[in-house]
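Open the model in your viewer and keep the selection box handy. This tour goes stop by stop: what to select, then what is there.

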Amino acid sequence: KDVTIVAFSIMVGKALKAAEELAEAGIDAEVINLRTIRPLDHATIIRSVQKTNRLVVVDENWPFASIASEVAYRVQKDAFDYLDAPVFRVNQADTPLPFAPGLIEESLPSVARVVKAVKEVMYVVK
């Protein structure tokens with residue numbers, strides 16, 4: 001009832017873990033698993049945003065020209081009046097993917113980054 005989290009592929013697991021952590025903090029997150037990218041299920045995303053009024057998109061790609069960009073665009077185009085906050089995107093860092101395993105983990109979306117984004121979109125933290 002509080003926020004919609006949209007994710008696909010391996011990021012769905014991170015979104016679900018983030019939703020569990022958020023539930024402990026009293027934030028009810030609806031997680032949408034985009035099973036396909038093309039076609040993209042715009043209707044399900046829009047219906048959810050109409051209920052929650054907030055959106056966080058988790059995408060393992062770079063932020064520029066990503067699936068998260070397309071989802072954010074469609075929501076602002078088709079459900080702008082329902083949004084109570086800007087759409088937040090949690091993407092890979094906008095850098096080449098590092099080679100070192102520790103740096104790879106730092107550059108990719110994490111449960112902590114998703115939780116932080118949701119709290120920002122909920123105006124819980126600045």
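Helices here are DSSP runs of H or I with at least four residues, numbered from the N terminus. With that in hand, start in helix α3. Asp-78 and Arg-74 both lie in this helix, four residues apart, about one turn of the helix. Keep in mind throughout that the model is predicted.

**Stop 1: charged pairs**

Select Asp-78 and Arg-74 and show their side chains. They form a salt bridge, with the closest N and O atoms 3.4 Å apart. Asp-78 is partly exposed, because its relative accessibility is 34%. Arg-74 is partly exposed as well, at 24%.

Now move to helix α5, residues 111–121. Select Glu-120 and Lys-116, which are also four residues apart, about one turn of the helix. Their side chains meet in a salt bridge, 3.2 Å from N to O. Back in the earlier group, add Lys-77 to your selection: salt bridges with shared partners join Arg-74, Lys-77 and Asp-78 into one network. Glu-120 is partly exposed, with a relative accessible area of 22%.

Next, select Glu-30 and Lys-51. Here too the side chains meet in a salt bridge, at 3.2 Å from N to O. Glu-30 lies in strand β2 and Lys-51 in helix α2 (residues 42–52), so this pair ties together parts that are 21 residues apart in sequence. Glu-30 is partly exposed at 27% relative accessibility. Lys-51 is exposed at 53%. The count of salt bridges comes to four.

**Stop 2: the strands**

Switch to a cartoon view. Select β1 (residues 3–7) and β2 (residues 29–33). The two strands pair in the parallel sense over five bridges. Pick Val-6 and look across to β2: Ile-32 stands opposite. Add helix α1, residues 11–24. Together β1, α1 and β2 make a right-handed β-α-β unit.

Stay on Val-6 and look towards β3. Opposite Val-6 in β3 stands Val-57. β1 and β3 pair in the parallel sense over three bridges.

Which strand comes next to β3, joined to it by three bridges? Select β4, residues 88–90, which runs parallel to β3. Val-58 stands opposite Val-90 in β4. Follow the chain from β3 through α3 to β4: this β-α-β crossover is right-handed.

Now show the side chains of β3. Leu-55 and Val-57 point one way, Val-56 and Val-58 the other way, and all are buried.

**Stop 3: a buried aspartate**

Step past the end of β3 and select Asp-59. This residue lies in the loop between β3 (55–58) and α3 (67–79). Is Asp-59 buried or exposed? Asp-59 is buried, yet has no salt bridge. Side chains of opposite charge can pair when their charged atoms come close. For Asp-59, the nearest side chain of opposite charge is Arg-89, 7.1 Å away. The cut-off for a salt bridge is within 4 Å, so that distance does not qualify.

What does the side chain of Asp-59 reach at 3.0 Å? Display the backbone nitrogen of Ile-67: that is the atom. Then show what surrounds Asp-59. Leaving aside neighbours within four places in sequence, its contacts include Phe-8, Met-11, Val-90, Asn-91 and Pro-109.

**Stop 4: inside α1**

Select Ala-18 in helix α1. Ala-18 counts as buried because its relative accessibility is 0%. Beyond residues up to four places away in sequence, Ala-18 touches Val-111, Val-114 and Val-115. For a longer view, draw a line from the C-alpha atom of Ala-18 to that of Gly-102: they are separated by 21 Å.

**Stop 5: backbone oddities**

Most residues other than glycine have a negative phi, and most peptide bonds are trans. Three places are worth a look.

- Select Arg-38 and Pro-39. The peptide bond between them is cis, with omega near 10°. Pro-39 is in the loop between β2 and α2.
- Select Ser-9, in the loop between β1 and α1. Its phi is near 60°, a positive value in a residue other than glycine. Ser-9 is exposed, at 56% relative accessibility.
- Select Tyr-123, in the segment after α5. Tyr-123 has a positive phi of about 60° although it is not a glycine. Its relative accessible area is 55%, so Tyr-123 is exposed.

Technical notes: Residues are numbered from 1 along each chain as its sequence is written. This is a predicted model: local features need pLDDT of at least 70, side-chain atom pairs count only at pLDDT 80 or more; totals for chains, interfaces and linings use all residues. Side-chain values use heavy atoms; hydrogens and water are left out. Two strands pair if DSSP finds at least two bridges between them. A crossover is right-handed if, with the strands pointing away from the viewer, the path from the first strand over the helix to the second runs clockwise. Buried means under 20% relative accessible area, exposed over 50%, partly exposed in between (1.4 Å probe, protein chains only). Lys and Arg count as positive and Asp and Glu as negative; His and the chain ends are not counted. A polar contact is a pair of N or O atoms within 3.5 Å; within protein, one must be able to donate a hydrogen and the other to accept it, and residues adjacent in sequence count only if both atoms are side-chain atoms. Contact means heavy atoms within 4.5 Å.
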